[in-house]
Amino acid sequence: MQPPLTHRPPEDSPLLCAARLASSEELTTLLQSGHNVAEADAQGWTCIHHLCASAEESKLKSRALQVLVRHDADIEARSASLQIGLHN
């Protein structure tokens, strides 16, 4: 079970946490309020990486991916270890 958005690790931004939880509504709100869709964590994981590695239901992940793509997320972004999110 994923922690609620209010209980996120300190190194994770609200945007990355919303991606990990596959929360399309939260992603939309955060991106519309000016968060950067290309934001990455210390390992270079973007929202796409966190979303694709998420254990959330596929239907939720699909909706969240649509939100990220509509906001110009780079689906080929590589992490520091050269991982591409869609291949997780």
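This section describes the fold of the chain, the packing of helix 4 and the segment that follows helix 4.

The model is predicted. The protein chain contains 4 helices and 0 strands. Read from the N terminus, its elements run α-α-α-α. Of its 88 residues, 40% count as buried. Contacts between residues at least 6 apart in sequence were also examined; 56% of these join residues at least 24 apart. The chain exposes about 5200 Å². Carbon and sulfur atoms supply 52% of that area.

Helix 4 covers residues 58–70. It has 13 residues, which at 1.5 Å a residue should span 18 Å. The expected span counts one less than the number of residues. The end C-alpha atoms of helix 4 are 18 Å apart, so the model agrees with the expected value.

Four residues of helix 4 are listed as buried: K61, A64, V67 and L68. They cover an arc of only 120° around the axis and therefore lie on the same side of helix 4. An α-helix has 3.6 residues a turn, so residues three or four places apart point the same way. The buried residues of helix 4 pack against two other elements, helix 2 (24–32) and helix 3 (47–53). The other side of helix 4 carries exposed residues, S58, K59 and R70. Helix 4 thus has a buried side, with K61, A64, V67 and L68, and an exposed one, with S58, K59 and R70.

The loop between helix 2 and helix 3 holds V37. The relative accessibility of V37 is 14%, so V37 counts as buried, the cut-off being under 20%. Leaving aside residues up to four places away in sequence, V37 touches L15, L31, C47, L68, H71, D72 and A73. One of these contacts, L68, is also among the buried residues of helix 4. Another, L31, falls within helix 2 (24–32), and C47 falls within helix 3 (47–53). V37 and H71 are 34 residues apart along the chain, yet their C-alpha atoms are separated by 6.8 Å.

D72, a further contact of V37, is found in the segment after helix 4. Just after the helix, D72 takes a positive phi of about 65°. This residue is not a glycine. D72 has a relative accessible area of 65% and is therefore exposed, the threshold being over 50%. D72 thus touches the buried V37 while itself being exposed.

A second positive phi occurs at L82, with a value of about 70°. L82 is likewise not a glycine. It lies in the segment after helix 4. Its relative accessibility is 58%, so L82 counts as exposed.

L86 also lies in the segment after helix 4. With a relative accessible area of 39%, L86 is partly exposed. L86 belongs to a nonpolar patch on the surface, together with V69 and I75. The accessible area of the three residues together is about 220 Å². V69 sits within helix 4 (58–70), so the patch joins a residue of that helix to L86 in the segment after it.

Technical notes. Residues numbered from 1 in each chain as written. Predicted model: local features only at pLDDT ≥ 70, side-chain atom pairs only at ≥ 80, totals over all residues. Heavy atoms only, no water. Buried < 20%, exposed > 50% of the residue type's maximum accessible area, 1.4 Å probe, protein only. Arc of directions from axis to C-beta. Contact = heavy atoms within 4.5 Å. Areas by Shrake-Rupley, 256 points an atom, 1.4 Å probe, with all protein chains shown as cover. Patch = residues over 30% accessible without salt bridge, like charges linked within 9 Å, V, L, I, M, F, W, Y side chains within 5 Å. Salt bridge = Lys/Arg side-chain N within 4 Å of Asp/Glu carboxyl O.
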